[in-house]
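Please walk me through the backbone of this model, from its sheet to its unusual torsion angles.

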Amino acid sequence: MPIIDAVLDDFFWRALIGGLGVALVAGPLGCFVVWRRMAYFGDTLAHSALMGIALSFLISVPLNVGVIITCVVLAVALVLFSRSRALATDTLLGILAHSALAIGLVTLSFMPDVRVDLTGLLFGDLLAMSRDDLLWIYGGAVVILALLAALWRGLLMSTIHEELARVEGIPVERLRLVLMLMFSLVIAVAMKIVGVLLITALLIIPAATARRLAHSPEHMTFLAMAFGFVSVGGGLTLSWHLDTPAGPSVVVTAFCVFLLIYGGARQTRS
Amino acid sequence: MTEPLVTLEQVTVAFDDRPVVDRVNLRLGRGDIITVIGPNGAGKTTLIKAILGIQKLTSGSVTLAEPLTVGYVPQHLSLETTLPLTVRRFMALSGRSQDECQAALNKTGVGHLMGSSIHHLSGGERQRLLLARALARKPDLLVLDEPAQGVDINGQAALYDLIRQLRDDLHCGVIMISHDLHLVMAATDKVICLNQHVCCSGYPADISHDPAFIETFGQPVAESLAVYHHHHNHHHDLHGDVVSGQASATTVSDSHGECGHAHH
């Protein structure tokens, strides 16, 4: 179809379509980040994405694959480490987040042949979205949304009360692992748009904004998606017209929506 | 004799080699209400979690009848306020029908709260909600961790009455932890006094003058509980500590023959 080709040939439209796809999954997953107080955890995973990129170059696999593998390994390591309770979780996360980022940067500097746009990776790049990336994003979105729909009751129940869920026969540990996998996947696909440093913002700001208006978990999820769409759409448009970096523009838009809702909306907590 | 719902054999849970639950044996059948009492840090919650299968055992075994539906009322319902949740939704997450959920809420006296936000409930309402949630599952075994927490005095008695009535309606087994000694003594079939190991166990009337019980909870508590059955079989020294008289010396050594620890 020529019209679709024309749209997909335009890098702005590619970025927008990709960004909306990311917002589609960032909404519900962001809600879980907020509910389970995993903001810092998500940040750590996102930071490790850079290590994943370096790894991908080292062993020549596609970037997305390298990032997903690194995130999953780190997520599992984190869960195991935090069980030993030798260090407080936030200390542990801080150590791993910044070490992973630093290791990624150092490793990349050792590879002079590899041309990477570091700013683009850290803060997102409007121009970087390829047709392949779109396939990754929407493929990932379908997988994540299908998983969420299938596992919704269990995920929600283990978020509300883990022990109660366990007694009721919900496989809490396995669900936690699935959730980690979904985070890794969303980080890998969101990296191009908002950059590794700002992915957590795209997860938690729309979800936090949605909390103000939501009266059920599902309602909050859909609102978070909607606020994600607004943030991505507004941010990329801003970036396009004012030549600002894509990721920060998206986050600034999300923040403005947040302020607007919290400043303007009547208190309707439920 | 019917099949027991729960059988514990020599159940031990140790954290860093320190036993928190030490060689506990227990049998609970349908229609039984067993209350676990004991001082803070006595391992009561750990024992209950071991029964529920959410606490790994160091040794020993927990055997549950099959199939067994368990209703659990946890100690706290600490809710994340970022998660918008109504009573209706929380009940529906049990996987039971709307009618069953409403019936369970009515039974625990909070049927009118169906549409309320879970974040706006008082402590007592939360406990009743949790009880309703456990009830909606039509449990064979009801496990409650300090069910009367945050409930006022009148409400507490009503809550224990309710638990007893539920036991009759569902013909289930009940095991609960409680600090409300007076109410427990009136409402329960059997009491287990836990202080890592089982200090003493038995019927409320008997247990309140068991020397091990008196040493764990102190003479004033024991006396106030045992008004109807109290016999002086010991006296106190100047510090108020129990000094066993001649007559009860045998009893003391009997009930503590296997403990191997010092009571203070």
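Which residue is the bridge partner of Val13(B) in β2(B)? In this predicted model, that partner is Val21(B). The pair belongs to a wider context: strand β1 of chain B, residues 6–15, and β2(B) are joined by seven bridges in the antiparallel sense.

The sheet in chain B is open and has three strands, ordered β2-β1-β4, with antiparallel pairing. Because β2 (18–28) and β4 (59–64) of chain B each have a single partner strand, they stand at the edges, and one side of each has no neighbour in the sheet. On average, neighbouring strands of this sheet are turned by 20 degrees against each other, direction ignored. Helix α1 of chain B, residues 44–52, lies across β1, β2 and β4 of that chain. The helix runs at about 55 degrees to β2(B).

The backbone torsions come next. Most residues other than glycine have a negative phi, and most peptide bonds are trans. Asp17(B), in the loop between β1 and β2 of chain B, has a positive phi near 70 degrees. Asp17(B) counts as exposed because it has 6 C-beta neighbours inside 10 Å, and a residue is exposed if the count is 12 or fewer.

In chain A, Ser60(A) also has a positive phi, near 45 degrees. Ser60(A) sits in the loop between α3 (39–59) and α4 (63–84) of chain A. With 7 other C-beta atoms within 10 Å, Ser60(A) is exposed.

The peptide bond between Glu66(B) and Pro67(B) is cis, with omega about -5 degrees. Pro67(B) is located in the loop between β4 and β5 (70–73) of chain B.

Note on methods:
Residues numbered from 1 in each chain as written. Chains lettered and ligands numbered in written order. Predicted model: local features only at pLDDT ≥ 70, side-chain atom pairs only at ≥ 80, totals over all residues. Pairing = 2+ DSSP bridges. Helix = DSSP H or I, 4+ residues; strand = E, 2+ residues; numbered from the N terminus. Axes fitted to C-alpha atoms, helices over the stretch in contact; angles between N-to-C directions. Contact = placed C-beta atoms within 7 Å. Buried ≥ 20, exposed ≤ 12 C-beta atoms within 10 Å, placed from the backbone.
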